[in-house]
Structure formats: C-alpha cells, structure tokens
Amino acid sequence: MENTLIESNIRSDPFDQFERWYSEVIENKIDSYNSMAVATVDASGMPSVRFILLKGFDRDGFVFYTNYTSEKAKELHHNPRACLAFYWKEIEKQVRIWGRVEKVSRKESEEYFHSRPHGSQLGAWASRQSSIIPDRSVLENRFEALRQKYTEVDGKVPLPEFWGGYRVIPEAFEFWQGRPSRLHDRIRYTKKGNSWEIVRLAP
Ligand SMILES: Cc1cc2nc3c(=O)[nH]c(=O)nc-3n(C[C@H](O)[C@H](O)[C@H](O)COP(=O)(O)O)c2cc1C
C-alpha cells in the first residue's frame with residue numbers, strides 16, 4: 001500500500017490519482033469508503049456540509065443522488081458549486097475536490113433509481129427531504145400508502161420528478177497523505193485550460 005505522495009510517483013492527471021487511491025480503498029475494504037462530505041453555500045454566503053454517498057465517477061465528474069427540493073438543492077440552484085471531502089482513516093488519506101455542479105440527465109437518474117432496492121425507491125417518494133414534518137408517522141403513513149400502490153411484483157416505481165443526480169465537475173483536487181511527525185504530504189492539482197498544474201502545499 002502506498003503511503004507517500006512524491007512528485008516523481010504521482011499521476012499527472014488527478015482523475016488517475018483518484019482512481020488509484022479509490023481502488024486501494026476498495027481493495028482494503030475501508031469502512032464507508034464512498035461517504036463524502038459535500039459542502040455547498042447558500043444565497044447569503046452561509047456554508048453547509050453533509051455526508052453523501054458517491055455513486056460513480058469518471059472523467060466527467062463525481063455523481064451523487066438526492067432530492068431536488070432539499071436544502072442542498074436550493075443552495076446549488078443559487079450557487080452551482082461544491083467542495084467534496086473524503087477521509088479514509090485506516091490509510092490516513094484525505095481527498096478534497098472543488099467544482100462546478102450540474103444535474104445529471106434524466107436517463108442517468110432513471111437508470112440509477114431503478115437499480116435501487118424497492119424500499120429505497122419508495123423512500124425517495126415518501127420523503128420531501130429537508131421539509132419540516134410534524135412527526136414520524138407522516139413519513140411512515142406515506143411509505144405504507146406507496147407500498148400498497150406499488151407492490152414489489154407488479155408496480156414499477158417511477159422516478160420522482162423531484163429526485164435525481166448531481167455531477168461535480170472538478171476544477172481542483174487536493175490529495176493529503178498522513179505522514180509521521182505531522183510532515184504530511186499535500187498535493188494540489190488545479191485545472192489550467194486542458195492540463196493540470198501540480199503544486200505541493202505545506203501541511
Ligand atoms: C453516511 C451518509 C450517507 C448519506 N448519503 C446520502 C445520499 O446519498 N443522498 C442524500 O440525499 N442524503 C444522504 N445522506 C443524508 C444527508 O447527510 C443529509 O441529511 C440530507 O441529504 C439532507 O441534506 P440537506 O438538508 O442539506 O439537503 C447521507 C447521510 C450519511 C450520514
């Protein structure tokens with residue numbers, strides 16, 4: 001396992017570097033490896049951060065799924081930019097990614113939605129995420145009504161119009177590797193036209 005970040009050994013492309021680390025976390029069965037903190041900023045400039053599951057990435061960006069009427073969706077509507085942070089404690093690695101955010105296509109959201117367990121599909125319909133509800137029974141009653149409407153055998157659950165994916169299109173990455181005596185490695189990649197500028201930052 002690699003536990004240093006040395007200029008002569010890193011990838012010149014941050015997507016390749018991410019892929020290398022991500023394969024490592026999967027191989028090593030790192031706990032919650034696909035949990036990432038997603039920071040957004042509201043119209044008044046107040047930041048907000050929450051954990052979200054990474055559902056896919058490639059050179060087009062990093063994809064997560066959520067409710068399009070949630071707090072984060074409102075924030076992204078005002079300011080379509082986000083910062084992601086992954087922390088893999090067991091291997092002392094952190095990755096931060098900054099970028100522009102776009103909704104994924106309906107087709108992509110459809111495919112993902114229908115790959116989810118039946119209960120999760122109903123859960124997406126049942127929860128108007130981030131709205132105030134009087135008590136838990138509201139959620140449970142809605143869920144039960146949906147369960148009867150869309151039985152597992154014959155009721156294909158449609159993709160809610162208020163639910164889908166976002167793609168974070170990276171403009172910068174920072175890879176952090178914990179090292180002894182707090183002399184950690186930090187390598188920052190910043191997009192400059194079609195290439196990536198690489199610098200080392202003090203820990
Ligand atoms: C480990 C973890 C994973 C989560 N994954 C998701 C997710 O993939 N999508 C989602 O909408 N919320 C997810 N949540 C819930 C969010 O953290 C958050 O409570 C919710 O999205 C509402 O956030 P908002 O009010 O800022 O929009 C997850 C929470 C945890 C702790």
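# Exercises on a predicted fold

In S5, Cys 83 is the bridge partner of Ala 39. That pair comes from a predicted model, and the exercises below start from it.

## Exercise 1: Strands side by side

Follow the pairing from S1 through S5 and S6 to S7. How many bridges join S6 to S7?

Step 1. Start with the pair you just met. S1 and S5 are antiparallel partners, with 3 bridges between them.

Step 2. Move on from S5. Strand S5 (residues 81-88) pairs with strand S6 (residues 93-103), again in the antiparallel sense, over 8 bridges. Two spots to find on screen: Ala 82 has Gly 99 in S6 as its bridge partner, and Arg 81 has Arg 100 in S6.

Step 3. Look at how the chain gets from S5 to S6. The two strands form a hairpin with 4 residues between them, and Glu 92 in the turn has a positive phi of about 50°.

Step 4. Now take S6 onward. It is joined by 11 bridges to strand S7 (residues 163-177), and these two run antiparallel. Here Gln 94 stands opposite Trp 176 in S7.

## Exercise 2: Two odd phi angles

Find Ser 32 and Arg 182, then work out where they sit and whether each is buried, partly exposed or exposed.

Step 1. Recall the usual picture. Most residues other than glycine have a negative phi.

Step 2. Check the angles. Ser 32 isn't a glycine, yet its phi is positive, about 50°. Arg 182 isn't a glycine either, and its phi is positive at about 60°.

Step 3. Place them. Ser 32 is in the loop between H1 and S1, while Arg 182 is in the loop between S7 and S8.

Step 4. Use the cut-offs: exposed means over 50% relative accessible area, buried means under 20%, and partly exposed is in between. Ser 32 has 44%, so it is partly exposed. Arg 182 has 67%, so it is exposed.

## Exercise 3: Inside the cores

Which residues touch the most other members of the largest nonpolar core, and which element supplies the largest share of this core?

Step 1. Keep a general idea in mind: in soluble globular proteins, nonpolar side chains tend to be buried together.

Step 2. Name the well-connected members. The largest nonpolar core has 32 residues, and Phe 18, Phe 62, Trp 88 and Phe 173 touch the most other members.

Step 3. Ask who contributes. Helix H1 (14-27), strand S1 (35-41), S4, helix H2 (71-78), S5, S6, S7 and strand S8 (185-192) each give at least two residues to this core. The largest share, 5 residues, comes from H1.

Step 4. Zoom in on Trp 88. Not counting neighbours within four places in sequence, Trp 88 is in contact with Phe 18, Trp 21, Tyr 22, Val 25, Ile 30, Tyr 33, Lys 93 and Val 95.

Step 5. Don't stop there. Apart from the largest core lies another core, of 15 residues, including Val 63, Tyr 65, Phe 113 and Ala 126.

## Exercise 4: A helix and what it packs against

Which residues of H4 are buried, and which elements do they pack against?

Step 1. List them. His 118, Gln 121, Leu 122, Ala 124, Trp 125 and Ala 126 are the buried residues of H4.

Step 2. Look for their partners. The buried residues of H4 pack against helix H3 (106-115), helix H5 (136-149) and S7.

## Exercise 5: The largest pocket

What is the volume of the largest pocket, and which element supplies the largest share of its lining?

Step 1. Get the volume: about 240 Å³.

Step 2. Find the centre. The lining has 15 residues, and Tyr 65, Thr 66, Arg 116, Gln 129 and Trp 163 are the closest to the pocket's centre.

Step 3. Trace the lining back to the elements. Strand S2 (47-53), strand S4 (61-67) and helix H4 (118-126) each supply at least two lining residues. S4 has the largest share, with 4 residues.

Step 4. Sort the lining by class: 7 nonpolar, 6 polar and 2 charged residues.

## Exercise 6: Val 153

Is Val 153 buried or exposed, and where does it lie?

Step 1. Locate Val 153: it is in the loop between H5 and S7.

Step 2. Its relative accessibility is 81%, so Val 153 counts as exposed.

Step 3. Compare positions. Val 153 and Phe 173 are 20 residues apart along the chain, and their C-alpha atoms are separated by 45 Å.

Definitions and conventions:
Residues are numbered from 1 along each chain as its sequence is written. This is a predicted model: local features need pLDDT of at least 70, side-chain atom pairs count only at pLDDT 80 or more; totals for chains, interfaces and linings use all residues. Side-chain values use heavy atoms; hydrogens and water are left out. On a 1 Å grid over the protein atoms alone, a cavity is a set of points where a 1.4 Å probe fits but cannot get out, and a pocket is an open set with protein on both sides within 12 Å along at least five of seven lines; lining residues have an atom within 4 Å of a point. Grid points are joined across faces, edges and corners, and a volume is the space filled by probe spheres set on the points. Ala, Val, Leu, Ile, Met, Phe, Trp, Tyr, Cys and Pro count as nonpolar, Asp, Glu, Lys and Arg as charged, and the others, Gly among them, as polar. Two strands pair if DSSP finds at least two bridges between them. A nonpolar core is a set of buried Ala, Val, Leu, Ile, Met, Phe, Trp, Tyr and Cys residues joined through side-chain atoms within 4.5 Å. Buried means under 20% relative accessible area, exposed over 50%, partly exposed in between (1.4 Å probe, protein chains only). Contact means heavy atoms within 4.5 Å.
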